[in-house]
Amino acid sequence: MRVYGAVALTQGSILGDAYGYLRLIDREGRELWRYFVGSTISGLAVTPDEGILAVGTYGGMLHLIDLQSGTKDEYSIGTAPIHEIGRWLLWRNYEPLRW
């Protein structure tokens, strides 16, 4: 995987790759889950309580993900028990649009 962004958590690290996947990797190097956002990851940030993950992509999207939901979205691609709570389109020359 070509890693374009990463963030450290108590249980490991979330890595974002060139293919639009997020992967939670534990301290022993095992993949705990993966989640597809659809575009190359440009950056990751997590709240201090590790509850919300913000994921930026080169496609102009900002995904807000609840890391503590414990449930998998019905139509998501991947194995992650997480829930996307919001998405923004951020394109040049346009007002930000909540999706």
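## Burial and overall build

Of the 99 residues in this protein, 38% count as buried. The model is a predicted one, so please read the values below as computed from that prediction. The accessible surface comes to about 6000 Å², and carbon and sulfur atoms account for 54% of it.

The secondary structure is quick to describe: there are zero helices and nine strands. Walking from the N terminus, the order of elements is β-β-β-β-β-β-β-β-β.

## Dimensions, contacts and charge

How does the radius of gyration fit a compact globule of 99 residues? Such a globule would have a value near 13 Å, and the protein has 13 Å, so the two agree. Along the principal axes, the C-alpha atoms fill a box of roughly 45 × 25 × 25 Å.

Taking contacts between residues at least 6 apart in sequence, 27% join residues at least 24 apart. As for charge, the protein carries 9 positive and 11 negative charges, and their mean positions are 7 Å apart.

## Arg23 and Ser13

Let us turn to a pair of residues on two strands. Arg23 sits in strand β3, which covers residues 21-25. Is this arginine buried or exposed? Arg23 counts as buried because its relative accessibility is 12%, and the cut-off for burial is under 20%. The side chain of Arg23 also makes a polar contact of 2.7 Å with the side chain of Asp17. Asp17 appears again among the residues that Arg23 contacts beyond four places in sequence, a list that also holds Met1, Ser13, Ile14, Leu15, Glu31, Trp33 and Arg34.

Ser13, one of those partners, belongs to strand β2 (residues 12-17). With a relative accessible area of 28%, Ser13 is partly exposed. Ser13 and Arg23 lie 10 residues apart in sequence, and their C-alpha atoms are 8.0 Å apart in space. Leaving out residues up to four places away in sequence, Ser13 touches Val7 and Ala8, as well as Arg23, Leu24 and Ile25.

## Met61 in strand β7

Further along the chain, Met61 is found in strand β7, residues 61-66. Its relative accessibility of 12% is why Met61 counts as buried. Which residues does Met61 touch, not counting those up to four places away in sequence? They are Val55 and Gly56, then Arg87, Trp88 and Leu89, and finally Trp99.

A distance to Arg30 helps to place this methionine in the model: the two residues are 31 apart along the chain, and 28 Å separates their C-alpha atoms.

## Two loop residues with positive phi

Two loop positions are worth a look for their backbone angles. Glu50 lies in the loop between β5 (41-46) and β6 (52-57). Phi of Glu50 is near 60 degrees, a positive value in a residue other than glycine. With a relative accessible area of 23%, Glu50 is partly exposed.

Asn93 is the other position to consider, and its loop runs between β8 (83-89) and β9 (97-98). Here phi is near 70 degrees, again positive in a residue other than glycine. Is Asn93 buried or exposed? Asn93 counts as exposed because its relative accessibility is 75%, with the cut-off for exposure at over 50%.

Terms used. Residues are numbered from 1 along each chain as its sequence is written. This is a predicted model: local features need pLDDT of at least 70, side-chain atom pairs count only at pLDDT 80 or more; totals for chains, interfaces and linings use all residues. Side-chain values use heavy atoms; hydrogens and water are left out. Helices (H or I, at least four residues) and strands (E, at least two) are DSSP runs, numbered from the N terminus. The radius of gyration is taken over C-alpha atoms; the globule rule is 2.2 Å times the number of residues to the power 0.38. Buried means under 20% relative accessible area, exposed over 50%, partly exposed in between (1.4 Å probe, protein chains only). Contact means heavy atoms within 4.5 Å. Accessible areas come from the Shrake-Rupley method with a 1.4 Å probe; for residues, only the protein chains shown count as cover. Lys and Arg count as positive and Asp and Glu as negative; His and the chain ends are not counted. The place of a charge is taken as NZ of Lys, CZ of Arg, CG of Asp or CD of Glu. A polar contact is a pair of N or O atoms within 3.5 Å; within protein, one must be able to donate a hydrogen and the other to accept it, and residues adjacent in sequence count only if both atoms are side-chain atoms.
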